[in-house]
Amino acid sequence: MADKKTRVDSEATKKPEGSRLYQPFRALGYITSSIPHSVQYRGQAAFITTGIGRSFHIYDSEKINLLFVGPRFDADVVSVLSIGDETFVSSGGRIIVCQRAKRVGELEAVSRGGISSLMQFGDYIIAISEDNA
């Protein structure tokens, strides 16, 4: 009887073969949503930031490992932008600044409409609002 249990335990702990992307704990629909992702290069490594509902995820692009999960915001994420260790997120008409996955601040909005897109232009961050401001 002990031999049977040992054999079952060893079979359960075997590593799955094939792609890590399709392992049972991965849910493909949660890796990204319909908003554009942000790709950032740090040395030889590339990182992908995606908006997921009211939060964001940061993945290592080589193996698609989830590295960080951002805080939960009051409204859905509309746009993400990664620069250095900072992630800028537009959510609920605000631009929230996170360092890695920790919320560190908020940028003052100059528009009354919601922010529809964030872009980097040199040393500047451009936020395009719904009212074209």
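# Strand hairpins, a pocket and one aromatic pair

Two residues separate the strands in the hairpin of S9 and S10, and Gly122 of this hairpin has a positive phi near 65°. The model described here is predicted.

## Overall organisation

The protein chain holds one helix and 10 strands. Read from the N terminus, the order of elements is α-β-β-β-β-β-β-β-β-β-β, with the helix followed by the strands. The chain has 133 residues, of which 30% count as buried.

## Strand pairing and hairpins

Strands in a sheet are held to one another by backbone hydrogen bonds, in either a parallel or an antiparallel arrangement. The table lists four strand pairs of this model, each with one of its bridge partnerships.

| Strand pair | Sense | Bridges | Bridge partners |
|---|---|---|---|
| S1 and S2 | antiparallel | five bridges | Gln40 and Phe47 |
| S2 and S3 | antiparallel | six bridges | Thr49 and Ile58 |
| S7 and S8 | antiparallel | five bridges | Val97 and Gly105 |
| S9 and S10 | antiparallel | six bridges | Phe121 and Tyr124 |

Strand S2 takes part in two hairpins. With S1 it forms a hairpin that has two residues between the strands, and Gly43 in that turn has a positive phi of about 70°. With S3 it forms a hairpin that also has two residues between the strands, and here Gly53 takes a positive phi near 60°. Strand S9 covers residues 115–121 and strand S10 covers residues 124–129; Phe121 of this hairpin is bridged to Tyr124 in S10.

Further along the chain, an open sheet is formed by four strands in the order S5-S6-S7-S8, with antiparallel pairing. S5 and strand S8 (102–107) are at the edges and have a single partner strand each, so one side of each is left without a neighbour in the sheet. On average, neighbouring strands of this sheet are turned by 25° against each other, direction ignored. Within the sheet, strand S7 (residues 94–99) is joined to S8 over five bridges, and Val97 has Gly105 in S8 as its bridge partner.

## The largest pocket

The largest pocket encloses about 200 Å³ of space. Its lining consists of 13 residues, and those closest to its centre are Gln40, Phe47, Ile58, Phe68 and Asp85. Some of these names recur in the strand pairing: Gln40 is the bridge partner of Phe47 in S2, and Ile58 in S3 is the bridge partner of Thr49.

Several strands contribute to the wall. Strand S1 (38–42), strand S2 (45–52), strand S4 (65–69) and strand S6 (86–91) each provide at least two lining residues. By chemical class, the lining comprises four nonpolar, five polar and four charged residues.

## The aromatic pair

The structure contains one aromatic pair. The ring centres of Phe56 and Phe73 lie 6.4 Å apart and the ring planes meet at 20°; because planes under 30 degrees apart count as stacked, the pair is assigned to that class. The pair connects distant parts of the chain, since Phe56 belongs to strand S3 (residues 55–60) and Phe73 to the loop between S4 and strand S5 (77–83), 17 residues apart. Phe56 and Phe73 are both buried.

## Individual residues

Most residues other than glycine have a negative phi. Two residues of this model take a positive value without being glycine. Ile64 has a phi near 55° and is located in the loop between S3 and S4. Its relative accessibility is 30%, so Ile64 counts as partly exposed. Arg100 has a positive phi of about 60° and sits in the loop between S7 and S8. With a relative accessibility of 44%, Arg100 likewise counts as partly exposed.

Asp60 belongs to strand S3. The relative accessible area of Asp60 is 16%; because buried means under 20%, Asp60 falls in the buried class. Asp60 and Ala45 are separated by 15 residues in sequence, and their C-alpha atoms are 7.7 Å apart in space.

Key: Residues numbered from 1 in each chain as written. Predicted model: local features only at pLDDT ≥ 70, side-chain atom pairs only at ≥ 80, totals over all residues. Heavy atoms only, no water. 1 Å grid on protein atoms, 1.4 Å probe; cavity = no way out; pocket = protein on both sides within 12 Å on 5 of 7 lines; lining within 4 Å. Points joined across faces, edges and corners; volume = space filled by probe spheres on them. Nonpolar A, V, L, I, M, F, W, Y, C, P; charged D, E, K, R; others polar. Phe/Tyr/Trp six-rings, centres within 6.5 Å; stacked < 30°, edge-to-face > 60°. Buried < 20%, exposed > 50% of the residue type's maximum accessible area, 1.4 Å probe, protein only. Pairing = 2+ DSSP bridges. Axes fitted to C-alpha atoms, helices over the stretch in contact; angles between N-to-C directions.
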